Amino acid sequence: MSAQRVSVGGIEVDTRHFINGVRVSSPTTFEDRSPLDWSLKLADVSRGGAGEADAAISAAIAAFPAWAALSSDERQIYLYRLADLIDANVERIATVECLDMGMLEESLRLRVIGRGARNFRAYADLAANYHARQWDSNTTHNTVLRMPAGPTVVITPWNAPFMLSTWKCAPALAAGNTVVLKPAEWSPLSCSLLMDLVSEADFPPGVFNVVQGLGEEVGAALVSDPRVRRISFTGSPETGRRIGVAAAKNLVPFTAELGGKGPFIVFADADLDAAVEKAALMYDDAGQVCLAGTRLIVEDSVRDEFLARFTVATERHVLGDSRDPKTTISPLIHPDHLARVEGFVERAIGAGDHVVFGGTRLRDDGLWFTPTLIEPHSNDADIVQHEVFGPVLTLQTFSSEQEAVDLANSTPYGLSALIFTSVRERADRVGEAIRAGTIWVNSFLIRDLTAPFGGTGVSGIGREGGDYALDFYSDLKTYQVKEGTTNG
Ligand code: NAD
């Protein structure tokens, strides 16, 4: 096998970009290693720069008129074909993404990768069933038309790279836009497999492109190109700000799905077992989940009981190889990220916070970090106010509903929140008062793809999901015809 196609867990993966329907290599590469075993180099991946960004955007521009001119029904045929191919390749994609990103293979196989196929089907259906809003006023017939916006840049993070990329590319393509996707440099391989499927689904060249490389190189070149008509980003608030500045320079609409520091509120009237079971899930994917409720905020009368049961539930976690179905906690993605998580815990200890359990690496020769619970010395503590993006939760208490709401709203984030209570009216009051894009009551991660998704504060700008995404990837046009205008 040439260096351009490598074997990853027995699956052949192309390490080159996919531009204008063909594989293109760069003179330089970046190394991609496996979090399961850092000594294992998976690939030397083509490292794009300004030239590759220019080529991919030029291809997307050239392909745009014909793709935009197709009816939604015609585009649906391509998107369905791609969805079917994803379904047929779930095992292969899961194998590669597990090695590349570290996420549990079983979860990828049973849940996460299939969601990519559902994204393409759901948006193909939504676009095909769109009914233009029409009404009469002031002696005019008014119609709102959704026009494809143009070449779109999608930039995605390293956690759940396949699912998150499809979540953004599917509505962009369904709306009639052409796409240049840049996956994160720590886990680019599953998006390369996606391009094999795009090719197999016979997409016209240039409609769906991937360029690989570093954010500050090819990423920055893509988002600052004035020919781009939409930018969709998922990642950290710091990068979101940078991309926002680039988008503003060219007056390009952008959405940003950013970090989270979700509150996980447990009232004394809650089903404690259910709350504990869900709280233990906050360590899943080694805590590398933006939507996780990482701040446990528990009513003081049940704090001890909750903590006792939560400690037992956490002890059931198994840290290990993500390919083993018995493993429940994977390693962190990268030694730099492990060092970042460790740094948070060390600073917390230095600031006088109390480590209830965990707080250490599992062993020196791996990237596992033990599930950690910290009682902060104050709500202003660094560990409460900043996203760790690792298996580190905090525990705080409250004595009134208002105090729970105040604590929930006391960080600059606003992505998600979880509320556990058996009283519906309380859930409704608290849910309405909490500033967050998504609220789960007695539940977690249930998603209807037609619902809006996004964050407030430093958790993001704009909403994707359902028609909200299709509107973002479109130029809405108000079309007005004076009453009495006749044919011929
Ligand atoms: P990151 O911001 O470091 O990188 C995200 C992407 O941006 C990568 O592809 C990177 O190469 C690219 N990038 C970096 N600098 C760039 C620049 N100047 N111009 C253009 N692109 C650039 O984020 P990460 O570490 O990969 O991901 C973790 C973060 O993502 C966490 O904060 C997490 O909460 C967040 N996240 C949010 C959601 C959500 O839906 N809100 C989902 C998943 C992850």
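Trainee: In this predicted model, how far is an oxygen atom of the ligand from an N or O atom in the side chain of Lys182?
Mentor: A polar contact is a pair of N or O atoms within 3.5 Å. The pair formed by the Lys182 side chain and a ligand oxygen is separated by 3.0 Å.

Trainee: At what distance from an oxygen atom of the ligand does a polar side-chain atom of Glu185 lie?
Mentor: Glu185 is among the residues that come nearest, out of 28 around the ligand. Glu387 is also in that group, with a polar side-chain atom 2.6 Å from a ligand oxygen. For Glu185, the distance is 2.5 Å. The protein buries 90% of the 850 Å² that the ligand exposes when taken alone.

Trainee: Which are the edge strands of the open sheet?
Mentor: The sheet has 7 strands with mixed pairing, in the order β16-β17-β18-β15-β14-β19-β20. An edge strand here pairs on one side only. That applies to β16 (354–357) and β20 (438–441).

Trainee: In β18, which residue is the bridge partner of Thr372?
Mentor: Strand β17 covers residues 372–375 and runs parallel to β18, residues 392–398. The two are joined by 3 bridges. In one of the pairs, Thr372 is matched in β18 by Val392.

Trainee: At about what angle to β19 does helix α14 run?
Mentor: Helix α9 (residues 272–281) lies across β14, β15, β18 and β19, at about 160 degrees to β14. Helix α14 (residues 424–433) lies across β14, β19 and β20. Its angle to β19 is about 160 degrees.

Key:
Residues are numbered from 1 along each chain as its sequence is written. This is a predicted model: local features need pLDDT of at least 70, side-chain atom pairs count only at pLDDT 80 or more; totals for chains, interfaces and linings use all residues. Side-chain values use heavy atoms; hydrogens and water are left out. Two strands pair if DSSP finds at least two bridges between them. Helices (H or I, at least four residues) and strands (E, at least two) are DSSP runs, numbered from the N terminus. Contact means heavy atoms within 4.5 Å. Axes are lines fitted to C-alpha atoms, for helices over the stretch in contact, and angles run from 0 to 180 degrees between N-to-C directions. A residue is near a molecule or strand if one of its heavy atoms lies within 4 Å of it. A polar contact is a pair of N or O atoms within 3.5 Å; within protein, one must be able to donate a hydrogen and the other to accept it, and residues adjacent in sequence count only if both atoms are side-chain atoms. Accessible areas come from the Shrake-Rupley method with a 1.4 Å probe; for residues, only the protein chains shown count as cover.
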